[in-house]
Amino acid sequence: MTKKLIVGNWKMNGSLAVNAGLLQTLLAGLNDDGVAADVALCASAPYLAQLQALLQGTALGWGAQDCSAHESGAYTGEVAAAMLRDFGCRYVILGHSERRQYHGENDDLVAQKAQRALAAGITPIVCVGETLADREAGRTEFVVKRQLSAVIHAVGHCASEIVVAYEPVWAIGTGRTATPEQAQTVHAVLRSQLKAASAHSSRNRILYGGSMNAGNAAELLSQPDIDGGLIGGASLKADEFLSIIASCPPAAAVI
Ligand code: PGA
């Protein structure tokens with residue numbers, strides 16, 4: 001198993017000044033402690049040039065929070081995956097529940113975006129997750145498998161190139177985290193789905209997201225099928241984000 005992957009999802013937050021301060025503190029903190037995990041930050045598109053300028057050559061990678069399903073052309077307001085690549089993005093978050101909820105994104109659209117990202121050489125971080133109503137109706141497994149299967153079918157032989165983020169919608173930004181057991185159960189389901197899809201599925205990393213913080217990260221990250229975290233609120237606070245990174249078990253100890 002590879003190193004854990006910790007990704008900060010800044011959402012629609014930040015400014016040139018705030019980002020610069022946060023990145024400076026993060027880089028200083030990582031230099032002191034060494035980096036136990038692969039780490040990346042996903043910012044709003046206007047700040048990608050700043051991330052590229054400040055993070056090139058450092059231990060921190062960066063990425064975006066969405067891309068267009070189209071390659072180029074008359075799609076006002078959209079950002080193409082190739083443009084993200086121009087700014088050095090290694091990752092793009094796709095199908096986040098906030099995009100599914102507020103922007104009407106469905107499984108097919110997310111799958112098309114994943115294809116575009118891969119074609120541009122960017123790793124899609126595909127978000128899946130059930131709502132509270134889904135969970136209470138016993139539909140968690142059905143929903144996450146349906147969401148992932150759309151992407152697996154669209155990307156075909158590239159299925160092992162995606163990162164999956166399990167983000168129960170009821171845990172995002174709510175302070176209510178899935179228990180390590182609840183998260184592990186769903187991660188195991190996703191792991192077997194990825195295994196069935198590709199002979200190279202050992203390359204897939206499955207992240208947990210939803211109110212992960214310095215207090216609960218170690219236990220979540222010690223679960224066998226949790227390969228990292230997608231961190232929203234806690235990624236905006238340098239100390240908190242550094243503690244989450246520091247709570248990753250070293251790669252050699254990961255079975
Ligand atoms: P949160 O967000 O950590 O603030 O719950 C996670 C996410 O939405 O990716």
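**Two pockets and a two-sided helix**

By class, 9 nonpolar, 7 polar and 5 charged residues make up the lining of the largest pocket. The structure is a predicted model, and the description below begins with this pocket before turning to the second largest one and to helix H10.

The largest pocket encloses about 490 Å³ of space. Its lining comprises 21 residues, and those that lie nearest the centre are Met12, Ser44, Gln65, Asp66 and Arg99. Helix H4, spanning residues 97-102, gives the most to this lining, contributing 3 residues.

The second largest pocket has a volume of about 210 Å³. A set of 18 residues lines this pocket, with Gly173, Ser211, Gly232, Gly233 and Ala234 lying nearest its centre. By class, the lining of the second largest pocket divides into 9 polar, 5 nonpolar and 4 charged residues.

Helix H10 covers residues 238-246, and its buried residues are Ala238, Phe241, Leu242, Ile244 and Ile245. These residues lie on the same side of H10, because they cover an arc of only 155° around the axis. On the other side of H10, Asp239 and Ala246 are exposed. In this helix, buried denotes under 20% relative accessible area and exposed denotes over 50%. Helix H10 can thus be read as having one side that carries the buried residues Ala238, Phe241, Leu242, Ile244 and Ile245, and another side on which Asp239 and Ala246 are exposed.

How values were computed:
Residues are numbered from 1 along each chain as its sequence is written. This is a predicted model: local features need pLDDT of at least 70, side-chain atom pairs count only at pLDDT 80 or more; totals for chains, interfaces and linings use all residues. Side-chain values use heavy atoms; hydrogens and water are left out. On a 1 Å grid over the protein atoms alone, a cavity is a set of points where a 1.4 Å probe fits but cannot get out, and a pocket is an open set with protein on both sides within 12 Å along at least five of seven lines; lining residues have an atom within 4 Å of a point. Grid points are joined across faces, edges and corners, and a volume is the space filled by probe spheres set on the points. Helices (H or I, at least four residues) and strands (E, at least two) are DSSP runs, numbered from the N terminus. Ala, Val, Leu, Ile, Met, Phe, Trp, Tyr, Cys and Pro count as nonpolar, Asp, Glu, Lys and Arg as charged, and the others, Gly among them, as polar. Buried means under 20% relative accessible area, exposed over 50%, partly exposed in between (1.4 Å probe, protein chains only). The arc is that of the directions from the helix axis to the C-beta atoms.
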